Amino acid sequence: MNSSKHLQENISAMLDGELPDSEVELTLAALALPEGQDAWHTYQLIGDLLRADQPGSELSKDFHARLNARLAQEEAPAAAPEAAPLKRAAPAAT
């Protein structure tokens, strides 16, 4: 797994109170890095927006441009493999 993506997922999970104890120490250490600080700031902003009391809270003028640029950098999720059809058991002979 991409370590940058793993770091972002860990920071998000930590903010949601869902990070396993075994990951906390490494995640906290990563917050000392610029990449970790950027991810922390981003997830804090997301949380603030989700908790905003006022609909239409003011965003910075370049928010949409920055968001679009960040989304353009994300990898597209891989297509899930197609599931094999379920096989039904033959009826039991009576």
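## Overall architecture

Read from one end of the sequence to the other, the protein follows the pattern α-α-α-α, and its secondary structure accordingly comes to 4 helices and 0 strands. The model described here is a predicted one, and every value given below was computed from it.

Of the 94 residues of the protein, 14% count as buried. Among the contacts that join residues at least 6 apart in sequence, 47% link residues that are at least 24 apart.

## Helix 1 and what covers it

Helix 1, which runs over residues 3-15, has 13 residues and reaches 18 Å from its first C-alpha to its last, close to the 18 Å expected at 1.5 Å a residue. Within helix 1, the residues Leu 7, Gln 8, Asn 10, Ile 11 and Ala 13 are buried, and what covers the buried residues of this helix includes helix 2 (21-30), helix 3 and helix 4. As general background, an α-helix has 3.6 residues a turn, so residues three or four places apart point the same way. Helix 1 is followed by Gly 17, a residue whose phi is positive, near 75°.

Asn 10, whose place is in helix 1, has a relative accessibility of 10% and therefore counts as buried, the cut-off being under 20%. When its neighbours within four places in sequence are left aside, Asn 10 is in contact with Leu 19, Glu 23 and Thr 27. Of the elements named above, helix 2 spans residues 21-30, the stretch in which Glu 23 and Thr 27, two of the contacts of Asn 10, are numbered.

## The loop between helix 2 and helix 3

Leu 31 is found in the loop between helix 2 and helix 3, and at 18% relative accessibility this residue counts as buried. Once the neighbours within four places in sequence are left aside, Leu 31 is in contact with Ile 11, Met 14, Gly 36, Gln 37 and Trp 40. Ile 11, one of these contacts, is also one of the buried residues of helix 1.

A further link between this loop and helix 1 can be described by distance, since Leu 31 and Leu 7 are 24 residues apart in sequence and 9.1 Å apart in space, taken from C-alpha to C-alpha. Leu 7 is itself among the buried residues of helix 1.

## The largest pocket

About 470 Å³ of space lies in the largest pocket. Of the 15 residues that line this pocket, the closest to its centre are Thr 42, Tyr 43, Ile 46, Leu 67 and Arg 70. By class, the lining has 7 nonpolar, 3 polar and 5 charged residues.

Three helices each supply at least two residues of the lining, namely helix 1 (3-15), helix 3 (34-51) and helix 4 (63-73). The largest share, 6 residues, comes from helix 3.

## A salt bridge and the segment after helix 4

A search of the whole structure finds 1 salt bridge, and it is formed by Arg 66 with Asp 62, whose closest N and O atoms are 3.3 Å apart. Neither partner is classed as buried: Arg 66 is partly exposed, with a relative accessible area of 41%, and Asp 62, at 39% relative accessibility, likewise counts as partly exposed.

Glu 75 is found in the segment after helix 4, where, at 67% relative accessibility, this residue counts as exposed. Although Glu 75 and Lys 5 lie 70 residues apart along the chain, their C-alpha atoms are separated by 9.9 Å.

Notes:
Residues are numbered from 1 along each chain as its sequence is written. This is a predicted model: local features need pLDDT of at least 70, side-chain atom pairs count only at pLDDT 80 or more; totals for chains, interfaces and linings use all residues. Side-chain values use heavy atoms; hydrogens and water are left out. On a 1 Å grid over the protein atoms alone, a cavity is a set of points where a 1.4 Å probe fits but cannot get out, and a pocket is an open set with protein on both sides within 12 Å along at least five of seven lines; lining residues have an atom within 4 Å of a point. Grid points are joined across faces, edges and corners, and a volume is the space filled by probe spheres set on the points. Ala, Val, Leu, Ile, Met, Phe, Trp, Tyr, Cys and Pro count as nonpolar, Asp, Glu, Lys and Arg as charged, and the others, Gly among them, as polar. The expected span of a helix is 1.5 Å times one less than its number of residues. Buried means under 20% relative accessible area, exposed over 50%, partly exposed in between (1.4 Å probe, protein chains only). Contact means heavy atoms within 4.5 Å. A salt bridge is a side-chain nitrogen of Lys or Arg within 4 Å of a carboxyl oxygen of Asp or Glu.
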